[in-house]
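Please take me through this model in the viewer, one selection after another, and tell me at each stop what is to be found there.

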Amino acid sequence: MKLAVASGKGGTGKTTIAVSLALALAGQGKVVTYADCDVEEPNGHIFLNPQVEQKKVVTVPVPQVEQELCTFCGECAEICQFGAIASLPETTLVYSDLCHSCGGCKLVCPTGAITEIGREVGYVEIGSAKNVRYVAGRLRIGEVQSPPLICEVKNHLDRQGINIIDAPPGTSCPVIEAVKDTDYVLLITEPTPFGFNDLKLAIGMLDILQLPFGVVINRADIGNDEVKRYCAMENIEVLLEIPDDRRIAEAYSRGIAAVTASPELTGKFVQLFKTITRPREKQLR
Amino acid sequence: MKELVVISGKGGTGKTSIVASFAALSKNAVLADCDVDAADLHLVLEPKIRQEEEFKGGKKAKIISAACTGCGKCEEVCRFNAVLRDGPPNYLVPETFLIDPLACEGCGVCAHFCEDKAIKFREVVDGELFISDTRCGPMVHARLNVGGENSGKLVTRVRTVARELAESNGRDLLIVDGSPGIGCPVIASVTGADLVLVVTEPTRSGMHDLERVVKLTGFMKIPTVVCINKWDINPEITAQIEKLADQSGVHQVGKIGYDKRVTAAQLMKSSVVEYTGGSIAQEINALWRNVVYELA
């Protein structure tokens, strides 16, 4: 099973909940993989302290022009939609940072002057933390293409066990890459105007992707009841409300998981998972 | 005209709350919300939209199913798994091909190689951009469509429009609310800025993410300063962050204590400095003065 933990707004508690859920389920004897797909700012390792057993560099293909074979016809520059190739009368220049790796230039080159080399986008770490399997991506600083790295993290999920995917914030392409093909999405929000606004954006995204989801309200007592009223009106399941708790916040600041700081939460996360996985009609709105 | 960009690495550290207060404290600024896929600044500044423009980030492919012969060349050349065998039947074949618009990268390779000219490759609207008036000055903001490509391009467009607006209105400062992370939209929002303010929090995650974002701005050679929000949640990590900032040559320009009035202000659609006085307002004022000094 693949379960994604996402949110529109950042800092609502995705990592706290993803890590806690992974630890709570592993404590029940389940086979759990935690996959950090927030590759720009991955934080799961801070709470899990994993032993990393394998580190794999991830590259994307970018063109390389063999100038001796090049006739400077300019077909490569013409097909490129991303401004990554400039064709000049006596040379062809590649701006590999702008390349989206579509391979079009190589396909159109009439003389076979274009080959592909790898550009490093980051790396994937694979390991384990106590009884949780750990996979994470780390984007190379300065790199813009996070989706190929997120895709590679997801290639290392466990086909049989439970996979908990920690997604990046927002609603654009990296989030879509992280949540697509999952079985269920947990949307984490907080009951503030910013949290509510971004929750609605995230729901809009999941409606288009046609993915089933439920909402977790974190720091449930800090703002107002707009999120709850909205969920009730739209028939969206609020799976869990976690009150604002200084113990959890302090533990978080020191890199300690919420279920370790407040063991009474363990049962709530186990129950949350049961609710998600109970047999039901396919839950699309 | 100077440009200040507020980012954070980690999400939820208080970027937008601080930008809203800066908006209220500034006398002659233009505001820009570059967190285009989860924009929130408008919830506080309540902009009145004066002008709208469509944002076209790039092209997308679309198969005209009546013309598709089902040869599969498009599927063969697409590297983004965007070509599906799900199209409706036509008079030639029982099954045609279809493009998944969310997976389509907009490279146009399929359209180029389609021998039957059955693939249209056209510009699509990826979002909207707004020029508005607020009680704190003009504001440029945007909305990226779900799964909209090219959030970086939209960020660049928001900044360009905001800069033009500042120039034509004789405004001397542009304040940009950025997005979390270190990827495409962040790189697009900080490129060429005069100063980056990183808002962090004293947690191990906040510190880890600060390190990565400061490496990014360092690598891009953009002057960077840091502010520690909610510093009293963990004074020990605050001290570590101060040390880290010092070692990275990044000035620490402010420390703001944890205060429930920040949420209260947001609920009232107000910036913190408009909502309340007291220590929190003084801390934000001091931060603002230091930032203005760094910009000069």
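## Domains of chain A

Begin by selecting domain 1 of chain A and domain 2 of chain A, whose C-alpha centres lie 40 Å apart. To make the two selections, take residues 2-58 together with 123-277 for domain 1, and residues 67-112 for domain 2. Keep in mind throughout that this is a predicted model.

## Where chain A meets chain B

Next, show both chains and select the residues in contact, which number 56 from chain A and 56 from chain B. Chain A and chain B bury about 4,600 Å² between them, and carbon and sulfur atoms account for 59% of that area. On the side of chain A, pick out Glu41(A), Ile141(A) and Phe194(A), since these supply 17% of the area that chain A buries against chain B, more than any other three residues.

Now turn to the polar side of this contact, where 25 residue pairs are in polar contact between chain A and chain B, counting pairs with both residues at pLDDT 80 or more. Which elements of chain A give two or more residues to the side that touches chain B? They are helix H2 (44-48), helix H4 (104-108), strand S7 (132-139), helix H7 (193-209) and helix H9 (246-253) of chain A. Colour H7(A) separately, for the largest share of that side, nine residues, comes from this helix. If you then colour the side of chain A that touches chain B by residue class, its residues divide into 23 nonpolar, 22 polar and eleven charged.

Among the charged pairs, there are two salt bridges between chain A and chain B. For one of them, select Arg79(B) and Glu116(A), whose side chains meet with an N to O distance of 2.8 Å.

## Domains of chain B

Hide chain A and split chain B into domain 1 (2-56 + 127-295) and domain 2 (58-124). The C-alpha centres of these two domains of chain B lie 41 Å apart. At their interface, six residues of domain 1 of chain B are in contact with seven residues of domain 2 of chain B, and the area buried between the two domains is about 490 Å², of which carbon and sulfur atoms give 43%. Select Lys56(B), Gly147(B) and Glu149(B) here, because together they supply 79% of the area that domain 1 of chain B buries against domain 2 of chain B, more than any other three residues.

How many salt bridges cross the interface of domain 1 of chain B and domain 2 of chain B? The count is zero, and zero residue pairs are found in polar contact across this interface, where both residues would need pLDDT 80 or more. By class, the side of domain 1 of chain B that touches domain 2 of chain B has two nonpolar, two polar and two charged residues.

## Two pairs within chain A

Bring chain A back and look at the aromatic rings, of which four pairs are found over all chains. One of them joins Tyr34(A) and Tyr134(A), a stacked pair with 6.3 Å centre to centre and 15° between the planes. Tyr34(A) lies in strand S2 (residues 32-36) of chain A and Tyr134(A) in strand S7 of chain A, so this pair ties together parts that are 100 residues apart in sequence.

As the last stop, consider the salt bridges, of which the structure holds 25 over all chains. Select Lys56(A) and Glu152(A), which form one with their closest N and O atoms 3.9 Å apart. Since Lys56(A) lies in strand S3 (residues 51-65) of chain A and Glu152(A) in helix H5 (residues 147-154) of chain A, the pair ties together parts that are 96 residues apart in sequence.

Notes:
Residues numbered from 1 in each chain as written. Chains lettered and ligands numbered in written order. Predicted model: local features only at pLDDT ≥ 70, side-chain atom pairs only at ≥ 80, totals over all residues. Heavy atoms only, no water. Domains from an automatic or database assignment. Contact = heavy atoms within 4.5 Å. Buried area = accessible area lost by both parts, 1.4 Å probe. Salt bridge = Lys/Arg side-chain N within 4 Å of Asp/Glu carboxyl O. Polar contact = N/O pair within 3.5 Å; in protein donor to acceptor, adjacent residues only side chain to side chain. Helix = DSSP H or I, 4+ residues; strand = E, 2+ residues; numbered from the N terminus. Nonpolar A, V, L, I, M, F, W, Y, C, P; charged D, E, K, R; others polar. Phe/Tyr/Trp six-rings, centres within 6.5 Å; stacked < 30°, edge-to-face > 60°.
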